[in-house]
Amino acid sequence: MTYRVFIIEDDMKIAELLKKKLEQYGYAVQYALQFRHIATECKTYDPHIILLDINLPYYDGFYWCRQIRMQSSVPIIFLSARSGEMDQVMAIENGGDDYLTKPIQLDLLLAKVKGIIRRTYGEYAYGANEEKEQRYVLGWQTEEMTASTGEVQVYGLKLLLERNELHWKGHSASLTQNEMLLAAALIKEHGLVVSRDALLEALWDDVSFVDDNTLTVNVTRLRKKLDDLGLPKVIETIRGSGYKLVIAEQRS
């Protein structure tokens, strides 16, 4: 399968460089040309992954990330000359999955693209090699986890892996790729503490390039979506350890 990459970068020299490098490794690549209509171009091309600059004509990358998130959960890697922590936090808060600073290390970019594609569509994707399993956690019998059919669930909270959607009592919420990976990890270990390191490794191949605050931002976003579904405070912070998802049996 040939994976499609969409580059949103107004510096054509950089865009061409990235396109050439990615095509050398077998990716199909297109870059944005109509910077007033990026979301439309993106929808038409239907990429598997997006590389998104922050400083763009008309509207910045944060704006376009929000617009894309309204129609897709496609993984988005921000590319920017801005190296400040707040810019990276804003990128994640606005729906990004990762962040690379310029000048771009092409080998690192390729590694991140490959890693995200493996986790989203390839052999590391949830449900790729899993079979039905029954979980017993802290004396509670959770509902059947049917990852092989594209979903995991516990006490009525259902995560559709292929659609990146959470469902609860007739309501649904769309998730970014990282939110989906977080939700899947927490649901599958329902009632148990999942360490910050384990969650970081579930989201990123090389955690040495990830600011710990990035995980906090992603957890905050997932909490907000669970809250909107009617499940407030179900993700507990275990200080010094990690996070735990607890849904009381009576809520189902």
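Which residues form one aromatic cluster? I would like to start there, and I should say at once that we are looking at a predicted model, so that everything I describe this morning is computed from its atoms.

The cluster consists of Tyr-59, Tyr-63 and Trp-64, and the aromatic pairs in this model come to five by the count used here. Taking the rings two at a time, Tyr-59 and Trp-64 are edge-to-face, with 5.7 Å from centre to centre and 90° between the planes. The rings of Tyr-63 and Trp-64 have centres 5.0 Å apart and planes at 75°, and because an angle over 60 degrees counts as edge-to-face, this pair is given that label too. As for exposure, Trp-64 is buried at 4% relative accessibility, while Tyr-59 is partly exposed at 39% and Tyr-63 is partly exposed at 24%.

Let me turn to the charged side chains, where the count is 11 salt bridges, and where I will go through a few of them with their surroundings. Asp-98 and Lys-112 form a salt bridge with an N to O distance of 3.1 Å, and this pair links distant parts of the chain, since Asp-98 belongs to strand 5, residues 98-101, and Lys-112 to helix 5, residues 106-121, with the two positions 14 residues apart in numbering. Are these two partners buried or exposed? Asp-98 has 6% relative accessibility and Lys-112 has 9%, and because the limit for buried is under 20%, both residues count as buried.

The salt bridge between Lys-224 and Asp-228, at 3.0 Å from N to O, is set within helix 8, residues 212-229, where the partners are four residues apart, or about one turn of the helix. Here Lys-224 is partly exposed at 49%, whereas Asp-228, at 53%, counts as exposed. With the boundary for exposed at over 50%, these two values fall on either side of it, and therefore I would read the two labels together with their percentages.

Arg-163 and Glu-165 meet in a salt bridge at 3.2 Å, again N to O, and in this pair Arg-163 is exposed at 54% while Glu-165 is buried at 14%. There is also a network of salt bridges, which links Glu-9, Asp-53 and Lys-102.

One further acidic residue deserves a word, namely Asp-87 in helix 4, residues 85-93. Asp-87 is buried, with a relative accessible area of 17%, and, if we set aside neighbours within four places in sequence, its contacts are Phe-62, Arg-82 and Tyr-99.

Finally, the nonpolar side. The largest nonpolar core has 33 residues, and those with the most contacts inside it are Leu-159, Leu-166, Leu-222 and Ile-235. Among the elements that each supply at least two residues of this core are strand 8, strand 9, strand 10, helix 7 and strand 14, and helix 6 gives the most, with eight residues. Helix 8, which holds the Lys-224 and Asp-228 pair, is also one of the elements supplying at least two core residues.

What does Ile-235 touch, once residues up to four places away in sequence are not counted? The list is Leu-186, Val-219, Leu-222, Arg-223, Leu-226, Tyr-243, Lys-244 and Leu-245, and Leu-222 is itself named with Ile-235 among the residues with the most contacts inside the core.

Conventions:
Residues are numbered from 1 along each chain as its sequence is written. This is a predicted model: local features need pLDDT of at least 70, side-chain atom pairs count only at pLDDT 80 or more; totals for chains, interfaces and linings use all residues. Side-chain values use heavy atoms; hydrogens and water are left out. A salt bridge is a side-chain nitrogen of Lys or Arg within 4 Å of a carboxyl oxygen of Asp or Glu. Buried means under 20% relative accessible area, exposed over 50%, partly exposed in between (1.4 Å probe, protein chains only). A nonpolar core is a set of buried Ala, Val, Leu, Ile, Met, Phe, Trp, Tyr and Cys residues joined through side-chain atoms within 4.5 Å. Contact means heavy atoms within 4.5 Å. Rings of Phe, Tyr and Trp (its six-membered ring) pair if their centres lie within 6.5 Å; planes under 30 degrees apart count as stacked, over 60 as edge-to-face and the rest as tilted.
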